[in-house]
Amino acid sequence: MTSWTEADWIAAIAALVLGGFLLGGAYIATRKEPEFAGHPRGLYVLFFAEMWERFSYYGMRALLILYLTKHWLFSDGKSNLIYGAYTSLVYITPVLGGWLADRYLGQRRAVQFGAVLLTFGHVLMAFEGTGGQNDGTINIFWLALAFIIVGSGFLKANISVIVGQLYPRTDVRRDGAYTIFYMGINVGAAIGTIFAGYLGETYGWSYGFGAAGLGMLLGLVVFIIGRPLLLGRGEAPRPLAKNTEWSIYGVGLAAVAGIWLLIQYQGFYGWILLLMGAALLGYVLLQAFKLDREARDRIFAILFLLALQPLFWALFEQAGGSLNLFTDRFVDRQGVPASLFQSINPIYIILLGPIFAGLWVWLGRRGLEPSTPAKFGLALAQVGFANLVLVWGANGVGPNVLVPVFFIFAIYFFQTTAELCLSPVGLSAMNRLAPATMASLIMGAWFFATAGGNFLAGVIGAATGGHDGEMTRDALLGVYQQIGWITIGIGVAVLAISPLVKKLMHVDSLRDDDELAGQSQLAEPKAAGVHVERETR
């Protein structure tokens, strides 16, 4: 142990934390009581299934840009575009997966099928071949991404729906259940990033991706074994014929083939995304003009907030792309693999999430809580400021000196505080504002806007590569500074006009006697945006 490096110690600590959670899970599994700590044991089945799924997804994500540049030898610019297209598709496919589950499969079958596809995808990632773009094994790599994208579509939204189905609509434990479930997401993300990153960069790519695949397999096993504890929740809405069920699985496999082709042509995918976005906007507007004035105004407020999403996620998602490459090449990491630093965000979420939730409640009780549009403005200002912190820190030490690692922790800190001002708040508020007849449409629009932001992140990341596609320190800092100031300016403008947008929300006439539209899909602790009528600023 005296010869252990910092990376070894980080991995060991992560192993101890994971071991503690697994011991806790084993204890819960051996209890005969139907509930544990006031919640049905099925919640903990979903907790661990989702923890392992996030372990696999974020573990693979931490390595992806490094794998593209170092193993497959894509340019930095091209690698960022591939990364952006991949993460974008991961956010679009849940819209279709959720629709198929609601109409035909039921959430349990959808989650199970998605987990199988994800396991295949992560296992295929371990086939690395000899490297370089002339290696035929690269087609297995594209296939692996396609399996993961489609698998995420079937699993991502549906597993959180089952959480809500474990409780009656008015059960006061629902908030606590989603908080516990959200903890599983971030614990899995943090530990998966550390394990996969450590193994992948220390021992070889196949070890890191293999760890991610093992995590997904364990998630599938937990979900299947724990099925009786779900108490029949998440089943098909009506009796499902075998022919129909297997036809849907066939559609899923056909989608894998389509995505395998699409992910290889990022420019073509970008045009498809743009056209789909224009069509979606037109359809939402068409439906909005059929509503009464107040409902129509709320749709306009929702569209305003949706329009801010792509810019936010474009900056935030540099974490797995250009920022990961910058950390690898230009930061004094003290021997810690660059991919491990992506665990900082989920760790910050675990630490700061309860603080922000409490802060919104505290401010709300005193009539000081910012409105949802104002929180979006704050989020944009903070994520833009995060960029500037890194730029100022890097420029402060000089061009030939490695950037102190403090500034990596700092940029992730402000990105996380920005995320907590936008993600749970925005999801909750927009679904609270959406008419019941448009709830699913608005949820789809939210994921679509997030997908657009992820693709834009790849475009911005590619810009750090300049004309020859290879990222330089000065080029990245220049792009980060420009986009940082622009985003801060937009954030300030949003803060200035937020009272006008709030008027469009008509919060005074909102009713609380119905369940929040789309609440079961949030998979996040209830944020202040759920009760927008309390927001005063």
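## Exercises on burial and salt bridges

**Exercise 1.** In this predicted model, decide whether D76 is buried or exposed, then describe its salt bridge partner.

*Solution.* Step 1: the relative accessibility of D76 is 2%. Buried means under 20%, so D76 counts as buried. Step 2: the partner of D76 is R329, and the closest N and O atoms of the two are 2.7 Å apart. Step 3: because D76 belongs to helix α3 (residues 76–105) and R329 to helix α12, their bridge ties together parts 253 residues apart in sequence. Step 4: R329 itself is partly exposed, with a relative accessible area of 30%.

**Exercise 2.** Locate the salt bridge between D328 and K70, and classify the burial of each residue.

*Solution.* Step 1: the side chains of D328 and K70 meet with an N to O distance of 3.1 Å. Step 2: D328 lies in helix α12 (residues 322–330) and K70 in helix α2, so distant parts of the chain, 258 residues apart, are linked. Step 3: D328 has a relative accessible area of 15% and is buried, whereas K70, at 43%, is partly exposed.

**Exercise 3.** Identify the residues with the most contacts inside the largest nonpolar core, and the helix that gives the most to this core.

*Solution.* Step 1: this core has 159 residues, and Y86 and F141 have the most contacts inside it. Step 2: helix α2 (residues 41–70) gives the most, with 16 residues. Step 3: leaving aside residues up to four places away in sequence, F141 touches L64, Y67, L68, W72 and M125.

Notes
Residues numbered from 1 in each chain as written. Predicted model: local features only at pLDDT ≥ 70, side-chain atom pairs only at ≥ 80, totals over all residues. Heavy atoms only, no water. Core = buried A, V, L, I, M, F, W, Y, C linked by side-chain atoms within 4.5 Å. Buried < 20%, exposed > 50% of the residue type's maximum accessible area, 1.4 Å probe, protein only. Helix = DSSP H or I, 4+ residues; strand = E, 2+ residues; numbered from the N terminus. Contact = heavy atoms within 4.5 Å. Salt bridge = Lys/Arg side-chain N within 4 Å of Asp/Glu carboxyl O.
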